[in-house]
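Here is a set of short exercises to work through with the structure open beside you. Try each task before reading its solution.

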Amino acid sequence: MIIWLLMRKVNPHSLCKNNFQKVNFRMDCRPLFIKAKKASRSLNVLDKDIINNILLSVAGAAIEHTEYILEENKRDLDLMDESDPRYDRLVLTSERIKGIASDLRNVVDLPSPLGHVLMKNIRQNGLIISKISVPFGVIGVIYEARPNVTFDVFSLCLKSGNICILKGGSDAIHSNTAIVTLIKKVLRKNGIEQDILTLLPSGRDETIQLLNAREYVDLIIPRGSRELIDYVRNNASIPVIETGAGICHTYFDEFGDKEKGREIIHNAKTRRVSVCNALDCVIIHEKRLYDLGYIVSLCSDSGVIIYADEKAYEALTDKYPAELLKKATSESFGTEFLSYKIAIKTVSSFEEAVDHISDYGSKHSEAIISENKNIIQLFYDVVDASSIYANASTAFTDGSEFGLGAEIGISTQKLHARGPMALEALTTYKWIIEGNGQIRK
């Protein structure tokens, strides 16, 4: 990087003036960013039918080259311990690739989010002012060991008219490279500018460059752990939509149905433990402790380790396998386990349950199990989260389950987008003003 700067007779510290940090980068990514920004103009005028045909071709290529993708995925898997919570996220199978291809086809069936007239107003002076949905432009997505995200992000960005710059983790470098290679082959075959999709190297230096490429990148979306999201938020000079980290609670109320609760808690915890909508903490009203053993009984069949507070531990003694029952510590609450582990907190009131969620939740998904309609409505009103459930599993927090098609992430913030994000969340708007010679006095 320094040699390159000297050849151009540029002071390396002047990078700071262009929103880059003082770092000796292994690779200068600006040429890639410049190409991506330039490619956005060609994408803006790409016919919608061509976009859909590309997505269908990518879906077909994924199925046709499943063996190649799985071979490259295995190279990544061989370097990761199977006990690592990220392992399940990293794994690709023939069935998962079929699911990915199905998601791509679902995106094809979705209406374009572009060119919608969000508002139209004819002023007294004759000016016609319209508010129109448009792409952001260039979106950078930083994610960890989830190669399916590569397909998801590309499909949603293409359908919404956005360029995507991908920064996957080193854990999935072979998988991501294989997927991007297939996609670019489809683009090349269709005569489409290949710079509409860029996969950056997996180093941290490249991440820093992306986070500070304000001249070229319009939005950053991180997907992954709380550590990743905090790092992106603290180091980016570009607007960020925070997604991913999910510390999810289910409150079993005094008036909860134990049959519903038993099934819901087991599903929310064990359906897929490594995803952000998985249940991390059961909150139970102390008046229902006598039912706790029954409520969590299915979890023992799945080998779920329970970290129980003092009252819950006493209630579960001799009712839950001793080797799976542990006493909770301060670290047990507010933890996204991403594994077959769960915490249990006992409360004496609805207010105490809500306080616990407020103190330890991540504003992702929260649930209540209750047959009292007034308490359910109060839960809806006072709990602050992107998705709030009554008598249902938090596992449903997903773009496809919400009818949005594939998802680019689950936003836990309040500006612009919240909850599962799909096509509409990848658009902004601009004002179109039609005049006939008007001037302002």
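## Exercise 1: the second largest pocket

Helix α10 (226-235) and strand β14 (409-411) each supply at least two residues of the lining of the second largest pocket. Please keep in mind throughout that this is a predicted model.

**Task.** Describe the second largest pocket by its volume, by the residues closest to its centre and by the make-up of its lining.

**Solution.**
- Step 1: start with the space. The second largest pocket holds about 420 Å³.
- Step 2: go to the middle. Of the 23 residues that line this pocket, S225, R226, E227, E336 and L338 are the closest to its centre.
- Step 3: sort the lining. The residues divide into eight nonpolar, six polar and nine charged.

## Exercise 2: the largest pocket

**Task.** Which helix gives the most to the lining of the largest pocket, and how do the lining residues divide by type?

**Solution.**
- Step 1: the largest pocket has a volume of about 730 Å³.
- Step 2: its lining counts 29 residues, and D103, R146, N148, R272 and D398 lie nearest the centre.
- Step 3: look for the helices. Both α6 (94-109) and α7 (148-159) supply at least two lining residues each.
- Step 4: α6 gives the most, with five residues.
- Step 5: by type, the lining of the largest pocket has nine nonpolar, eight polar and twelve charged residues.

## Exercise 3: helix α7

**Task.** Check whether the length of α7 agrees with its number of residues, then decide how far the rest of the structure encloses this helix.

**Solution.**
- Step 1: work out the expected span. At 1.5 Å a residue, the twelve residues of α7 should span 16 Å.
- Step 2: compare with the model. The end C-alpha atoms of α7 are 17 Å apart, which agrees with the expected span.
- Step 3: turn to burial, where the cut-off is under 20% relative accessible area. Twelve of the twelve residues of α7 are buried, so the helix is largely enclosed by the rest of the structure. Among them are N148, F151, D152, F154 and K159.
- Step 4: look just beyond the helix. There, G161 takes a positive phi of about 80°.

## Exercise 4: three salt bridges

**Task.** The structure holds 18 salt bridges. Take the pairs R75 and E72, R272 and D88, and K258 and D291, and say where the partners of each lie and how exposed they are.

**Solution.**
- Step 1: the side chains of R75 and E72 meet at 3.0 Å, N to O. Both residues belong to helix α4 (residues 66-77), where they sit three residues apart, about one turn of the helix. An α-helix has 3.6 residues a turn, so residues three or four places apart point the same way. R75 is partly exposed at 42% relative accessible area, whereas E72 is buried at 15%.
- Step 2: R272 and D88 form a salt bridge at 3.2 Å, N to O. R272 lies in the loop between α11 (258-270) and β8 (279-285) and D88 in helix α5 (residues 87-90), so the pair ties together parts that are 184 residues apart in sequence. R272 is partly exposed, with a relative accessible area of 25%, and D88 is partly exposed, with 27%. You have already met R272 as one of the residues nearest the centre of the largest pocket.
- Step 3: K258 and D291 meet at 3.9 Å, N to O. This pair links distant parts of the chain, with K258 in helix α11 and D291 in the loop between β8 and α12 (292-295), 33 residues apart. K258 is partly exposed at 32%, but D291 is buried at 7%.
- Step 4: for a case beyond a single pair, look at K363, D384, K414 and R418, which are linked in a network of salt bridges.

## Exercise 5: strands β7 and β8

**Task.** Is β8 mostly covered or mostly open, and how many bridges join it to β7?

**Solution.**
- Step 1: β8 is mostly covered, with seven of its seven residues buried.
- Step 2: five bridges join strand β7 (residues 248-252) to β8, and the two run parallel.
- Step 3: to find the register, note that C248 stands opposite L279 in β8.
- Step 4: step back along the chain to G246, in the loop between α10 and β7. G246 is buried, with a relative accessible area of 1%.

Notes
Residues are numbered from 1 along each chain as its sequence is written. This is a predicted model: local features need pLDDT of at least 70, side-chain atom pairs count only at pLDDT 80 or more; totals for chains, interfaces and linings use all residues. Side-chain values use heavy atoms; hydrogens and water are left out. On a 1 Å grid over the protein atoms alone, a cavity is a set of points where a 1.4 Å probe fits but cannot get out, and a pocket is an open set with protein on both sides within 12 Å along at least five of seven lines; lining residues have an atom within 4 Å of a point. Grid points are joined across faces, edges and corners, and a volume is the space filled by probe spheres set on the points. Helices (H or I, at least four residues) and strands (E, at least two) are DSSP runs, numbered from the N terminus. Ala, Val, Leu, Ile, Met, Phe, Trp, Tyr, Cys and Pro count as nonpolar, Asp, Glu, Lys and Arg as charged, and the others, Gly among them, as polar. The expected span of a helix is 1.5 Å times one less than its number of residues. Buried means under 20% relative accessible area, exposed over 50%, partly exposed in between (1.4 Å probe, protein chains only). A salt bridge is a side-chain nitrogen of Lys or Arg within 4 Å of a carboxyl oxygen of Asp or Glu. Two strands pair if DSSP finds at least two bridges between them.
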